[in-house]
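New to this one? Have a look at the sequence and the fold below, and then read on for a short tour.

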Amino acid sequence: MYLKSVLWAASAAALTAGAATAETITIATVNNGDMIRMQKYTDKFTEATGHEVEWVTLEENVLRQRVTTDISTKGGQFDIMTIGMYETPIWGANGWLVPLDGMSAEYDVDDILPAMRGGLSHDGTLYAAPFYGESSMIMYRTDLMEKAGLEMPEAPTWQFIREAAAAMTDRDNDINGICLRGKAGWGEGGAFITVTANSFGARWFDEDWKPQFDQPEWKEALTFFVDMMNESGPAGYATNGFNENLSLFQQGKCGMWIDATVAASFVTNPDDSTVADQVGFALAPNSEGVDKRANWLWAWALAIPAGTQKEDAAKQFIEWATSKEYIELVAENEGWANVPPGARTSLYENPDYKDIPFAQMTLKSILAADPENCCVKPTPYTGIQFVAIPEFAGIATQVSQEFSAVYAGQQSVDEALAKAQAFTAEEMEAAGY
């Protein structure tokens with residue numbers, strides 16, 4: 001394969017030139033399953049190139065804080081950062097990232113799904129390469145759905161989901177009808193309640209950049225979410241994010257989980273999940289009469305901060321880790337169900353992957369997500385679970401904390417929405433919107 005020969009050639013060159021050409025690159029990444037899996041195979045990269053890799057693996061909220069602080073202050077701690085569709089275009093426009101041009105023809109940049117390539121570019125230049133891409137979808141227990149006497153539609157409404165969650169809840173046996181994110185953080189619970197609100201007809205801002213938390217759609221969405229979770233969700237859901245809900249689902253403690261499509265391989269892996277053979281999939285829900293679903297669009301991607309002294313080695317790693325050949329490496333060792341999904345068109349054309357139970361639902365969910373049209377009403381911004389402006393991360397982190405306080409029973413829906421409206425308006429005015 002091309003990449004293997006390229007990397008072995010690089011290794012030979014390193015040996016010929018001496019140890020001085022080998023680098024040690026430091027990578028900051030998120031502590032989810034696909035990124036942890038990648039670390040297991042890093043020795044393959046080192047064997048081929050001579051470059052060593054040091055990993056800094058962090059919880060999602062901490063990762064966002066660390067890499068944002070480092071790149072904005074030119075701290076230089078990392079040679080590669082794991083970032084996403086929110087940061088990449090903004091940081092690329094600021095000149096904070098190395099453009100990923102000059103990738104080899106065999107790498108095949110055009111094979112990256114257009115939605116992923118577009119979301120990780122600025123002015124047509126790619127600034128981060130997707131390790132995997134995702135939308136959101138419903139993962140549910142087929143046995144519990146059948147026991148409840150219900151059948152999951154391919155495209156359900158929130159009203160059906162609430163009914164099904166109540167029917168599947170069994171407190172005596174520690175089974176929650178539904179598990180959803182409540183954890184504070186703009187990319188954790190903040191992302192989830194934003195797409196939920198979208199599916200009830202809400203939006204963050206009107207066309208004049210005025211916050212919309214005082215509108216009825218937000219109150220309806222947040223009230224529905226809180227009521228459903230209090231009825232059928234796990235205790236302490238205010239502190240549950242992706243990893244916490246994954247663990248609950250794998251232990252058989254969730255009837256349904258609506259979250260990242262990338263989780264499908266983990267809930268169906270019999271080595272990790274006690275319910276691996278009892279999982280079905282459906283599109284993220286919408287509210288009755290609203291033509292928007294609660295799905296997002298995201299990629300965890302690898303980018304190189306401008307100013308690194310190890311740009312060549314960093315580019316070699318990114319080309320290795322996001323290549324077709326890396327996907328084949330994982331498939332060979334762990335099966336096609338466990339390869340990083342959602343990034344490359346060729347994966348969904350591969351006959352070995354087409355029959356994976358969640359493959360087509362993942363692709364449908366990704367293709368249904370439209371960052372240019374997130375909401376029922378018009379908006380001045382792009383993005384689905386985020387607003388693509390630099391100020392959003394700070395504002396949404398604070399707003400998500402107010403919402404998590406509602407989930408924890410510390411304040412009312414009305415109080416949280418009033419605080420969100422006032423805080424967001426103040427911050428946007430200060431920023432000149």
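What follows is a walk through two sheets, two disulfides, a pair of helices and one residue in a predicted model.

## The five-stranded sheet

Let's start with a sheet that is open and built from five strands, in the order E2-E1-E3-E11-E6. Its pairing is mixed. At the edges you'll find strand E2, residues 52-58, and strand E6, residues 129-134, and each of these pairs on one side only. Going from neighbour to neighbour, the strands of this sheet are turned against each other by 15 degrees on average, direction ignored.

To see one pairing in detail, pick out strand E1, which covers residues 24-30. E1 runs parallel to E2, and seven bridges connect the two. As a spot to look for, Thr 24 sits opposite Glu 52 in E2.

## The four-stranded sheet

There is also an open sheet of four strands, and here the order reads E8-E9-E7-E10. Its pairing is mixed as well. E8 and strand E10 (279-283) take the edge positions with a single partner strand each, so one side of each has no neighbour in the sheet. The twist from one strand to the next averages 20 degrees.

Helix H8, residues 158-168, packs on this sheet and touches E7, E8 and E9. If you compare directions, that of H8 makes about 140 degrees with that of E9.

## Strand E7, up close

Strand E7 (residues 136-141) deserves a look of its own. Which strands does E7 pair with in the antiparallel sense? One is E9, joined to E7 over five bridges, and another is E10, where five bridges also make the link. Ile 138 is a handy place to see both pairings: its bridge partner in E9 is Ile 258, while in E10 its bridge partner is Ala 282. Right beside it in the pairing with E9, Met 137 stands opposite Asp 259.

Is E7 enclosed or open to the outside? Six of its six residues are buried, so the strand is largely enclosed by the rest of the structure. Both of its faces are covered. On one side the buried residues are Ser 136, Ile 138 and Tyr 140, and on the other they are Met 137, Met 139 and Arg 141.

## Two disulfides

How many disulfides does the structure hold? There are two. Counting bonded cysteines along the chain, they follow the pattern 1-2, 3-4.

One of them ties Cys 179 to Cys 254, with the sulfur atoms 2.1 Å apart. The torsion about its S-S bond is about -90 degrees, so this disulfide is left-handed. It links distant parts of the chain: Cys 179 belongs to strand E8 (residues 176-179) and Cys 254 to strand E9 (residues 254-260), and the two are 75 residues apart. Cys 179 has a relative accessibility of 0%, so it counts as buried. Cys 254 is buried too, with a relative accessible area of 0%.

The other disulfide joins Cys 374 to Cys 375, and here the S to S distance is 2.4 Å. With -90 degrees about the S-S bond, this link is left-handed. Both Cys 374 and Cys 375 are buried.

## Helices H10 and H18

Now for a pair of helices. H10 spans residues 216-232 and H18 spans residues 392-407. They pack with their axes 10 Å apart and at an angle of about 45 degrees, which means H10 is oblique to H18. The crossing of H10 past H18 is right-handed.

Which residues meet where these helices pack? From H10 come Trp 218, Leu 222, Phe 225 and Val 226. Facing them from H18 are Phe 403, Val 406 and Tyr 407.

## A stop at Ala 393

Helix H18 is also home to Ala 393. Leaving out residues up to four places away in sequence, Ala 393 touches Tyr 86 and Trp 186. There is a long-range pairing of positions to notice as well: Ala 393 and Arg 64 are 329 residues apart along the chain, and their C-alpha atoms are separated by 9.4 Å.

Technical notes: Residues are numbered from 1 along each chain as its sequence is written. This is a predicted model: local features need pLDDT of at least 70, side-chain atom pairs count only at pLDDT 80 or more; totals for chains, interfaces and linings use all residues. Side-chain values use heavy atoms; hydrogens and water are left out. Two strands pair if DSSP finds at least two bridges between them. Axes are lines fitted to C-alpha atoms, for helices over the stretch in contact, and angles run from 0 to 180 degrees between N-to-C directions. A disulfide is a pair of cysteine sulfur atoms within 2.5 Å. Buried means under 20% relative accessible area, exposed over 50%, partly exposed in between (1.4 Å probe, protein chains only). Angles under 35 degrees count as roughly parallel, over 145 as roughly antiparallel, 65 to 115 as roughly perpendicular and the rest as oblique. A crossing is left-handed if the near helix is turned anticlockwise from the far one by less than a right angle, and right-handed if clockwise. Contact means heavy atoms within 4.5 Å.
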